[in-house]
Amino acid sequence: MVLEKGKNDHPTASERAAEMKPCPTGRGGACCSTCALGPCRLTGGWAAGVCGANLNTVAAREFARMVAAGAAAHSDHGRELAVILRELALGRAGDYRISDVDKLRRVAGLLGLEADGEVVEIALRVAEAVLSEYGRQEGTSAYLRRAPRQRRNVWIRTGITPRGIDREVVETLHRTVMGNDQHAEHLLDQALRTALASGWGGSMLTTDLTDILFGTPRPRLTFAGLGVLEEKQVNILVHGHEPLLAEMIVAAALDPELLSRARSLGADGINVAGICCTANELLARRGIPSAGSFPDQEPALATGTVEMMVVDVQCVFQSLAALAEKFHTIFVTTSPKAKIQGAIHREFHPNRALDLAKELVGGACDNFANRRDVRCPAEKRRLVAGYSHEFIETQTFGTWDMFGGTFQASLRHLNDSIIEGHIVGVAAVVGCESVRHPRGGPDGSVWPVVGELIRRNILVIVTGCAAISCGKNGHLDPKTLREACPDLAEFCAGAGIAPVLHLGSCVDNSRILTLLSGMVEAGGLGTDISDLPVAAACPEWVSEKALEIATYCAASGFSVFCGTPDPLAAAPGVTGIMAGKWPERFGGQLVFCDPAEIAGRMVAVIEAKRSSLGISLKGKPKPRTQESSVP
Ligand code: NFS
């Protein structure tokens, strides 16, 4: 295993985590560092800090800040795409093009804009409307209209309807300064509102703008695992989240001049692979292989096969700079928002992105001859990735829809499959892979949840590093899935989908919200997202972004189970609100628990929802699959 190579001379995060124990006070939410009276540690009999803030306030305040940071990260990513779309419309975005004009028109309509006319004019209208969404001071975030009416009424009734994205993030920071909002439930309400501004705003817009610029994903067969790094090719790893430059690097790697340069230097070709969510973006749209998820970023470099690692924003270890130096890897930062000491910084500008990409690919080719100490890993697995909510809505289950072929009709068939019990429910397994959990596969915390759910005929959606975790361990391979859940796999094959759907990156969790709204609209399963037999999990959360996702899922009406650690463990008053009051007010809850409990708790929620809908399967014979029901 290549990871072992990190021992002694090149320690990896897994090894550092084993050595460095987390601070027990901060880990459970009992440390307050918002002012210079502290940091106050509310342990050992201390029930409040120097200012009098109690444990519930301290923990809720810190949680709200983490949600705001996650919302800011996901939403600021979308802002960059809106800027590129605007620059493109004004003829200042170099080689960027609009790939999905139909989607551009649909998004214009969803934003309440004129959807006819010249493409560049629509693009300009959309870009400017999106940018103004960020700064909206009053009123309601425009994309909330995509949620079912009853859900929007819940948000109005409970006072958590978000305004502009930036406004909610700023207000959360304001409320959480020392001596301001000091009421745990009130703080949590603002966390929910901020998360909604991202889920139904910043993240959803990010997904849509990325589809407009680079294409709406369709399923494709590709590979994941460190074994996608090629021994005889120039390897370029793209890492981070924003696919803007990575897309250009993929284009540059096909440039005939650069290919012949690579060959003249002894390589067989140029291989681009990804890490983290930049990988998911390229995997879903281009079939570019993924070398791995968050914990794989260092082991990938430690193979000695990476000529260049190009990073943009988020989830990038600072340790990569030092690790790259120990090999021949050129480590390049590219975002004006993220420099890393020790990296070469080559800043991205939209109007000369392809030039920069070619320069970087050329540099990687030149570096091929400098390889030393190569240990090429063998592990790579086949996977199908790249489901979009549009694909699920319009392409799947359509085999039954002989006459309509309409949007609602397709999802109505998904609903009917659930009502009849062919599919017991829908589950989302999302978020990170953590080096503090056992690594990957059946020993990690992701696959045991996914595997148990599909075994119980629950259709599973995966995104982010959880999706890569499944992919690199072979759990998105159609053959493996057929063995893991023969009944569900057989049924899904008839419907044209896999039993585990790779739905994209973490911003693409917004596709789950769109899909669930479509299911409500299609009818038969209640009138709100909270009526659907649906649950979510984030077994190995690491980033603040994962908490923000979990929070907007709960606010959207479904239960989310996060694995360890529990960032609120020291404040049972706060966890009590999330698990006790939130279900009454919002229909969803947020619970931190042992990953081993997650699948069982999700199944219980889905079964309870089925009972409430009057479609319980308890005591009923197992439904026959679609194929076997044909006489
Ligand atoms: Ni999500 Fe993507 Fe991975 Fe976690 Fe980081 S890459 S945005 S935060 S670690 S899933």
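A polar contact here is a pair of N or O atoms within 3.5 Å, where, within protein, one must be able to donate a hydrogen and the other to accept it. Keep that handy for the first exercise, and remember that the model you're looking at is predicted.

**Exercise 1. Find the side chain that makes a polar contact with Gln 589, and work out whether Gln 589 is buried or exposed.**

Solution.
- Start with the location: Gln 589 sits in the loop between helix 23 and strand 16.
- Next, check the accessibility. Gln 589 comes out at 15%, and the cut-off for buried is under 20%, so Gln 589 counts as buried.
- Now look for the partner. The side chains of Gln 589 and Ser 559 are joined by a polar contact of 3.3 Å, and Ser 559 belongs to strand 15 (residues 559–562).

**Exercise 2. Sort the side chains of strand 15 by the way they point, then say which strands pair with strand 15.**

Solution.
- A bit of background first: in a regular strand, side chains alternate between the two faces of the sheet.
- In strand 15, Ser 559 and Phe 561 point one way, while Val 560 and Cys 562 point the other way. Each of these four residues is buried.
- On to the neighbours. Strand 14 (residues 534–538) pairs with strand 15 over four bridges, in the parallel sense. To get from strand 14 to strand 15, the chain goes through helix 22 (residues 544–555), and this β-α-β crossover is right-handed.
- Strand 16 (residues 590–592) also runs parallel to strand 15, joined by three bridges.
- Val 560 is a handy marker for both pairings: Ala 536 stands opposite Val 560, and Val 560 stands opposite Leu 590 in strand 16.

**Exercise 3. Hunt down the cis peptide bonds at Pro 39 and Pro 565, and the positive phi values at Gln 314 and Asn 457.**

Solution.
- What would you expect by default? Most residues other than glycine have a negative phi, and most peptide bonds are trans.
- Scan omega. The bond from Gly 38 to Pro 39 is cis, with omega near 0°; Pro 39 is in the loop between strand 1 (31–32) and strand 2 (40–41).
- Thr 564 and Pro 565 are also joined by a cis peptide bond, with omega about 0°. Pro 565 falls in the loop between strand 15 and helix 23 (572–586).
- Scan phi. Gln 314 has a positive value near 70° and lies in the loop between strand 7 (306–311) and helix 13 (319–326). With 19% relative accessibility, Gln 314 counts as buried.
- Asn 457 has a positive phi too, near 65°. Its loop runs between helix 17 (446–455) and strand 12 (458–462), and at 13% relative accessibility Asn 457 is buried.

**Exercise 4. How many cavities of 30 Å³ or more does the structure hold, and what lines the largest cavity?**

Solution.
- Rolling a probe the size of a water molecule over the atoms shows where empty space is left.
- The count is five cavities of 30 Å³ or more.
- The largest cavity has a volume of about 80 Å³. Of the 13 residues that line the largest cavity, Cys 32, Cys 35, Cys 40, Cys 51 and Arg 61 are the closest to its centre.
- By class, the lining splits into nine nonpolar residues, three polar and one charged.

Methods
Residues numbered from 1 in each chain as written. Heavy atoms only, no water. Buried < 20%, exposed > 50% of the residue type's maximum accessible area, 1.4 Å probe, protein only. Helix = DSSP H or I, 4+ residues; strand = E, 2+ residues; numbered from the N terminus. Pairing = 2+ DSSP bridges. Right-handed = clockwise from strand over helix to strand, strands pointing away. 1 Å grid on protein atoms, 1.4 Å probe; cavity = no way out; pocket = protein on both sides within 12 Å on 5 of 7 lines; lining within 4 Å. Points joined across faces, edges and corners; volume = space filled by probe spheres on them. Nonpolar A, V, L, I, M, F, W, Y, C, P; charged D, E, K, R; others polar.
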